[in-house]
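Q: Please provide a close reading of one ligand site in this predicted model, and then follow the elements that lead away from it into the rest of the fold.

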Amino acid sequence: MTEEKKDIYFKIFRFNPEVDQHPFYDDFKISVEKGVTILRAINYIKDHVDSTLTYRFYCQAGICGSCSMRVNGVSKLACTTQVWDELPNCKETDVITIEPMNNFEIIRDMVVEYTPVISKLEKYISWVTPKIKQQDLGKKEHIISEAEFKVYDAATDCILCGACYSECSMMTSSREYISPLGLLKAYRMVKDSRDTRSNDRMKVLNEDHGMWDCTHCYRCVEACVKKIPIMDAIQGVRNEAFLRGMKNSEGYRHAYAFTQDIKSVGRLKESTIAVRTKGIFGAISMLPFALKMLGRNRMPKVFVHTIPGIKHVKRIFQKIK
Ligand code: SF4
Ligand code: SF4
Ligand code: FES
């Protein structure tokens, strides 16, 4: 073996609900050259070792978004991920783990049920409904300015691969949550001056499972295969709600509670924020999530001390009123 070629073990998740009672892992050892992608490696396994191995792919160029799967525990595009780049991420030397994305039902092996994503795109009206009449479509142009396009340019790079959906901590606690890609699409549509259904979209975004449920964990940003600043878009949709005076919402109450905490002690009283935002009953509904955080030793402190520089913070609040 030269340095440019080595034996790699692939530990691959297998599950065919029609015949398997439980998921299991299959191990495959193949010789891989430097420069080979994960997709090419599993294509080799399918073509030469086990033709029943099931996964999706199409473009093989990072464009269609269909080859998303978890590689060594993180959702990625198999066609743009190099085998050799994954070697430092292996838990066992030269053993690469391949699994289906999180937060989806499994159809077979790495193929997941994508219908919930499509349903969410429908629910949140993730398309432009132009002002131009139906009969004039294709005859007239509706030109947008360069400045406007810059606002949602990055969001248009989304290929709907689902990697952010798979890594989203809120999705894990509630499959009804709009999802990071849903919020990104919503932002892109809300900011498009050609669209006529912005109010309808904002209304449904303001409901439960919508724009206010994001926990700011940033995992979607880390996972995005196109490096799209998803959190900016999420913040952008929320800002739009404030600009439109949509105050009767959990989001507004959350922002208000946040502001009051910073003003009084200089930091967030996280242990009570859920009650102040969602009310008692709403906070009780978040218990499963809280228990999960407790299990990960990430529970907020009950007692919060005032920061030493609080008088400066208060001065800032006085200044900005
Ligand atoms: S920041 Fe929000 S949308 Fe992104 S992964 Fe975390 S909870 Fe999900
Ligand atoms: S936001 Fe990024 S990770 Fe999420 S679906 Fe779009 S391209 Fe994929
Ligand atoms: S096969 Fe299209 S993005 Fe990977």
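Which residues surround ligand 1?

A: The structure is a predicted model, and everything below is computed from it. The shell around ligand 1 consists of C168, S169, M170, P180, C214, T215, H216, C217, Y218, R219, C220 and M231. Sorted by class, these residues comprise eight nonpolar, three polar and one charged. Two helices, α6 (169–173) and α9 (219–223), each contribute at least two residues to this shell.

Two further members of the shell, P180 and M231, lead to a helix pair. Helix α7 covers residues 180–190 and helix α10 covers residues 230–243, and P180 takes part in the contact between these two helices. P180 thus appears in the surroundings of ligand 1 and again in the packing of α7 against α10.

The geometry of that pair can be stated in full. In general, two packed helices are described by the angle between their axes and the distance between the axes. For α7 and α10 the angle is about 55 degrees and the axes lie 8 Å apart. The two helices are therefore oblique to each other, and their crossing is left-handed. On the α7 side the contact is formed by P180, L183, L184, A186, Y187 and V190, and on the α10 side by I230, A233, I234, G236, V237 and E240. Taken by class, this contact holds 10 nonpolar residues, one polar and one charged.

Helix α7 also packs against helix α8, residues 198–205, with the axes coming within 10 Å and crossing at roughly 150 degrees. Consequently α7 and α8 are roughly antiparallel to each other, and this crossing is left-handed. The residues A186, M189 and V190 of α7 meet S198, R201, M202 and L205 of α8. Five nonpolar residues, one polar and one charged make up that contact. A186 and V190 therefore have a part in two packings, as they meet α8 and are also listed in the contact with α10.

The role of α7 in the ligand sites extends to ligand 2. Among the 16 residues around ligand 2, those that come nearest are C158, C161, A163, C164 and C224. Elements giving two or more residues to this shell are α5 (163–167) and α7. The greatest contribution is that of α7, with three residues. The shell around ligand 2 contains 14 nonpolar residues, one polar and one charged, while the shell around ligand 1 has eight nonpolar, three polar and one charged.

Further along the chain lies another helix pair, α11 (residues 250–264) and α12 (residues 270–285), whose axes come within 8 Å and cross at roughly 140 degrees. This makes α11 oblique to α12. The crossing of α11 past α12 is right-handed. E250, R253, H254 and A257 of α11 meet I273, R276, T277 and K278 of α12. Four charged residues are found in this contact, together with two nonpolar and two polar ones.

The strands form a separate part of the picture. Five of them make an open sheet with mixed pairing, in the order β2-β1-β5-β3-β4. The edges are β2 (24–33) and β4 (74–77), each having a single partner strand, so one side of each has no neighbour in the sheet. On average, and with direction ignored, neighbouring strands are turned by 35 degrees against each other.

Within this sheet, β1 and β2 run antiparallel and are joined by 10 bridges; I8, for example, has I30 of β2 as its bridge partner. Strand β1 (residues 5–14) pairs with β5 (residues 95–99) in the parallel sense over four bridges, and Y9 stands opposite V95 in β5. Strand β5 also pairs with β3 (residues 68–71), here in the antiparallel sense and over two bridges, with R70 bridged to E99 of β5. Across β1, β2, β3 and β5 lies helix α1 (residues 38–48), which runs at about 110 degrees to β2.

To return to the site requested, ligand 1 is enclosed by a shell to which α6 and α9 each give at least two residues, and P180 of that shell continues into the contact of α7 with α10.

Technical notes
Residues are numbered from 1 along each chain as its sequence is written. Chains are lettered from A and ligands numbered from 1 in the order in which they are written. This is a predicted model: local features need pLDDT of at least 70, side-chain atom pairs count only at pLDDT 80 or more; totals for chains, interfaces and linings use all residues. Axes are lines fitted to C-alpha atoms, for helices over the stretch in contact, and angles run from 0 to 180 degrees between N-to-C directions. Angles under 35 degrees count as roughly parallel, over 145 as roughly antiparallel, 65 to 115 as roughly perpendicular and the rest as oblique. A crossing is left-handed if the near helix is turned anticlockwise from the far one by less than a right angle, and right-handed if clockwise. Two residues are in contact if their C-beta atoms, placed from the backbone, lie within 7 Å. Ala, Val, Leu, Ile, Met, Phe, Trp, Tyr, Cys and Pro count as nonpolar, Asp, Glu, Lys and Arg as charged, and the others, Gly among them, as polar. A residue is near a molecule or strand if its C-beta atom, placed from the backbone, lies within 6 Å of it. Two strands pair if DSSP finds at least two bridges between them.
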